[in-house]
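User: Hey, I've just opened this one and don't know my way around yet. Can you walk me through it?
Analyst: Sure, have a look and ask away.

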Amino acid sequence: MSTIPRPLSSVPSLSRLGRHRSPLLCALLAGAGALAQTTTLHTFTGDSNTANLVQTSDGTIYGVTRPSSVNATTNGTVFKLQPDGTGYQVVHAFAGGASGARLPDYAFMLARDGALYGTGQFGGTANGGMLYKVNPDGSGFVLLRSFTGHDQPTVQLDAGTPQGGLVHASDGVLYGAATKGTATSTNADDRNGVIYRIAPDGTGYRLIFSFDGAPSRANGIGPNSLIEGRDGRLYGTTIGGGAGGVANGRGTVFALRTDGTGFTVLRSFNNSVPALEPSSPLVQAADGYLYGTTRGGSIYRLLPDGAGFETIATFPSNTPARGLEPSGAFFQGHDGSLYGRTNSGGANNRGVIFKVRTDGSGFRVLHSFTTDRSPYFNGLIQGADGALYATTATSIVRVVEPPAFEITQQPRSQTVAPGGSVTFTVTAPGATTYQWRRNGTNIAGATASAYTLNNVTAAANATYSVVVGNGNTADSVTSNGAVLLVAAPNPGRLINLSVRTGAGSGAETLIAGFVVGGTGSKQVLVRAIGPTLGVFGVTGALADPRLGLFSGSTETATNSGWGGTTALTNAFAGVGAFALGATSRDAALLSTLAAGAYSAQV
């Protein structure tokens, strides 16, 4: 019994997290061992740092340039170009001077109203930072806000130095983060950052939360990213502070409501490596987890309530080829993998573009910057064509992954009589290595494209899968599970029914009824699958389904997180149900039921 809420669209990390239905990609793919193809689309004249990129529905790519020196004659631009590098054009040049509109950087997004919005950590009439809006054709430029809370000689109850974190939320309001400024304090030392809100027309500006905190700075210091989660709350990170205090606090992951209430620190980082200083925007992936990177060299994830924190990948200092100091753009791609980049490491220590699966496997370096350094405000997006578009200090590059390595014929489930033989096969063009598994455990010597069992008994009942590769461990692919059922011939009976549909709370609860007939009691297995659907390419599944078994109106059993027990694992194999990870948050119940009517509620 599978439960799926409305899928989550994968969008650039500075954009809102969508709540509309999107196509599902149901394929098990991994990149081939060949290097990605990289093309320079445009080189800027002079030494211009380039920031985040966005792509509009017509395929045009937009970005901003910022002069390398605040004393340069240019004040920055908004530009556009086509995915093949043609059609480069400056759509808006920042005037500077009395207008204060200059030095765009960090946040740059395409909002829900079709306009482009961005910030600058400097600029504005008080040089405390700015928030601007411009249409893709260059018209309608507006300096929505000049911030004042930036190292002012007197305390300014205002935001200052916005360094990332801008979202057009589902309520139509813009929310942003600024690393300096205060909302309430009269202490000149309390300029630790704020969260603000403002309407797209510049009205209604208000500070909704201040990171002044106590002397320990337990709430964090310097908010540098912000997104809207599927639950409507705002989630973000700070670059300092947290439970470690002033001396050992190295940043936080936090959540709060859009009215500024309900602020919660979900995770505090400290001096231990690699958990050191959140460095990228958060991503809420299709599995419901929040993902991010730390400057100390890690990719982490946690649930929206702060539970389930774990490090899924690291960037060790003794392995610089993987990249060092992940920072900047970070998002979930079309294939479900996480994509990001580092500030250093790789060839010539100029940074890399990487991808990794959400379970931490399949880490790959897609591109290593060799002739141009990574910009401080590095940008990276995946275009509608599947290619990656990245900024360097002086150019825009296009990175195309090689053709995918995939399984074209999956092993098939089979039922055989005791004493018979069975052969599982897999087809994967280009594969050079095979490792068959029984219930997820490697089978010694089973390293060919086919695996045969002879003179089988009921002890062979299990789920069989195979890991195929091409010599590059990062490119290995695991097949679907094939269930073996050893049973004497009989007229046949239904042993496994499933449904994939939407479910939620309250009136959206999924209810499935069934009747146990005959005499005596029977064992019944009921499952509510959420996170494991991601293995089959399904996006937007429930992160933590709750399953209840009812006899009439009485709940007789309940489960959330099946726990990996041997009894359930054997029951899965016995009825031909695919295996689950021992720590997955899927739900399952194995109950002995007398004859009667029952219902399962998810």
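User: What's the mean pLDDT of the chain?
Analyst: This is a predicted model, and its mean pLDDT is 85. Of the residues, 87% reach 70 or more.

User: And where does pLDDT stay under 50?
Analyst: Over residues 1–34. The model still has 134 contacts beyond four places in sequence for that stretch.

User: OK. How many helices and strands are there in the chain?
Analyst: The chain has 2 helices and 47 strands. It counts 602 residues, 52% of them buried. Taking contacts between residues at least 6 apart in sequence, 55% join residues at least 24 apart.

User: Which residues have the most contacts inside the largest nonpolar core?
Analyst: Phe-424, Trp-436, Tyr-451, Tyr-464, Val-468 and Leu-484, in a core of 23 residues. At least two core residues come from each of the strands S36 (422–425), S37 (433–438), S39 (450–453), S40 (462–469) and S42 (482–486). S40 gives the largest share, with 4 residues.

User: Is there a general reason for nonpolar side chains to be found together, and what is it?
Analyst: In soluble globular proteins, nonpolar side chains tend to be buried together.

User: Let's stay with S42. Why is it described as largely enclosed?
Analyst: Because 5 of the 5 residues of S42 are buried. Both of its faces are covered, with Ala-482, Leu-484 and Val-486 buried on one side and Val-483 and Leu-485 buried on the other.

User: Which strands does S42 pair with?
Analyst: One of them is S35 (residues 414–416), which runs parallel to S42 and is joined to it by 3 bridges. In that pair, Thr-415 has Leu-485 as its bridge partner. S40 also pairs with S42, this time antiparallel and over 3 bridges. There, Tyr-464 is matched with Ala-482.

User: Tyr-464 again! What is Tyr-464 in contact with?
Analyst: Setting aside neighbours within four places in sequence, Tyr-464 is in contact with residues including Phe-424, Tyr-451, Leu-453, Ala-482 and Leu-484. Arg-437 and Arg-438 are among its contacts too.

User: Tell me about Arg-438, then. Buried, exposed or partly exposed?
Analyst: Partly exposed, because its relative accessible area is 31%. Arg-438 sits in strand S37. Its C-alpha atom is separated by 4.8 Å from that of Tyr-464, though the two are 26 residues apart along the chain.

User: What does the side chain of Arg-438 reach?
Analyst: It reaches the backbone oxygen of Ala-459 at 2.6 Å. A polar atom of the Arg-438 side chain also lies 3.3 Å from the backbone oxygen of Asn-461. Beyond four places in sequence, Arg-438 has contacts that include Ile-443, Ala-460 and Thr-463 as well.

User: Switching topic: what's the strand order in the open sheet that contains S27?
Analyst: The order is S27-S28-S29-S30, 4 strands with antiparallel pairing. S27 and S30 (364–368) are at the edges with a single partner strand each, so one side of each has no neighbour in the sheet. From one strand to the next, the twist averages 25 degrees.

User: How many bridges are there between S27 and S28?
Analyst: S27 and S28 (residues 338–344) pair over 5 bridges, in the antiparallel sense. In one of the matches, Phe-331 has Tyr-339 of S28 as its bridge partner.

User: What about Gln-332, is it buried or exposed?
Analyst: Gln-332, found in strand S27 (residues 324–332), counts as buried because its relative accessibility is 10%. Its side chain reaches the backbone nitrogen of Ala-286 at 3.0 Å. The backbone oxygen of Gly-336 also lies 3.0 Å from a polar atom of the Gln-332 side chain.

User: Last one: what's the order in the open sheet with S44?
Analyst: That's S44-S47-S45-S46, an open sheet of 4 strands paired antiparallel. The edge strands are S44 (511–528) and S46 (554–559), each pairing on one side only.

User: Which helix packs on the sheet?
Analyst: Helix H2 (residues 566–574), touching S44 and S47 (587–601). The direction of H2 makes about 70 degrees with that of S47. Elsewhere in that sheet, S45 (residues 547–551) and S46 pair antiparallel over 5 bridges, and Phe-550 stands opposite Glu-555 in S46.

How values were computed: Residues are numbered from 1 along each chain as its sequence is written. This is a predicted model: local features need pLDDT of at least 70, side-chain atom pairs count only at pLDDT 80 or more; totals for chains, interfaces and linings use all residues. Side-chain values use heavy atoms; hydrogens and water are left out. A nonpolar core is a set of buried Ala, Val, Leu, Ile, Met, Phe, Trp, Tyr and Cys residues joined through side-chain atoms within 4.5 Å. Buried means under 20% relative accessible area, exposed over 50%, partly exposed in between (1.4 Å probe, protein chains only). Contact means heavy atoms within 4.5 Å. A polar contact is a pair of N or O atoms within 3.5 Å; within protein, one must be able to donate a hydrogen and the other to accept it, and residues adjacent in sequence count only if both atoms are side-chain atoms. pLDDT is the predictor's confidence in each residue, from 0 to 100. Two strands pair if DSSP finds at least two bridges between them. Axes are lines fitted to C-alpha atoms, for helices over the stretch in contact, and angles run from 0 to 180 degrees between N-to-C directions.
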